Amino acid sequence: QVQMAESGGGLVQAGGSLRLSCTASGRTLRNYAMGWFRQAPGKEREFVAAISLSGSSTYYANSVRGRFTISRDNVKDTVYLQMNSLKPEDTAVYYCAAEPTSGYYRVYTAANDYDYWGQGTQVTVSS
């Protein structure tokens, strides 16, 4: 059982930036590949970004590539999603997800690939 929590969401104007953080309570995330997903009202949960154990392999959805950056800090045991040039269509609840793996360079892009999820943090982008 891995209990994770997202933070850093809020209300921003279009063109602004936010940095989301994901941490685990009482457990390290160092042995997990990580991902970020989002879900807007009336829509299915969609993939945003993923990062490998090593942090050297990343992958992004086309809708956010070039604007969002996923990263991890193993000293702080935290995974981040830096979101720049935010658009109203980025408005959603954002979730972090973790998948145990022994592959240092593996990334996962499907929601069903992940075993553990946080409760989400709301990001609202106004026009």
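Ser-52 is buried in this predicted model, with a relative accessible area of 0%. Buried is the right word because the value falls under the 20% cut-off. The residue sits in a loop, the one that runs between β5 (46-51) and β6 (58-60). Leaving out residues up to four places away in sequence, Ser-52 touches Ser-57, Arg-72, Tyr-104, Tyr-105, Arg-106 and Val-107. Its C-alpha atom is separated by 9.5 Å from that of Asn-31, and the two residues are 21 apart along the chain.

Arg-72, one of the residues touched by Ser-52, belongs to strand β7 (residues 68-73). In a regular strand the side chains alternate between the two faces of the sheet. In β7, Phe-68, Ile-70 and Arg-72 point to one face and are buried. Thr-69, Ser-71 and Asp-73 point to the other face and are not buried.

The pairing partner of β7 here is β8, in the antiparallel sense and over 6 bridges. Within this pair, Ile-70 stands opposite Leu-81 of β8. The two strands form a hairpin with 4 residues between them, and in the turn Asp-77 has a positive phi of about 55 degrees.

After β8 (78-83), the loop leading to β9 (92-100) holds Asp-90. Asp-90 is also buried, at a relative accessible area of 0%. Its side chain makes a polar contact of 2.9 Å with the side chain of Arg-38. Apart from neighbours within four places in sequence, Asp-90 is in contact with Arg-38, Arg-67, Phe-68, Ser-85, Val-123 and Val-125. Among them, Phe-68 leads back to β7, where its side chain is on the buried face.

Terms used:
Residues numbered from 1 in each chain as written. Predicted model: local features only at pLDDT ≥ 70, side-chain atom pairs only at ≥ 80, totals over all residues. Heavy atoms only, no water. Buried < 20%, exposed > 50% of the residue type's maximum accessible area, 1.4 Å probe, protein only. Polar contact = N/O pair within 3.5 Å; in protein donor to acceptor, adjacent residues only side chain to side chain. Contact = heavy atoms within 4.5 Å. Pairing = 2+ DSSP bridges.
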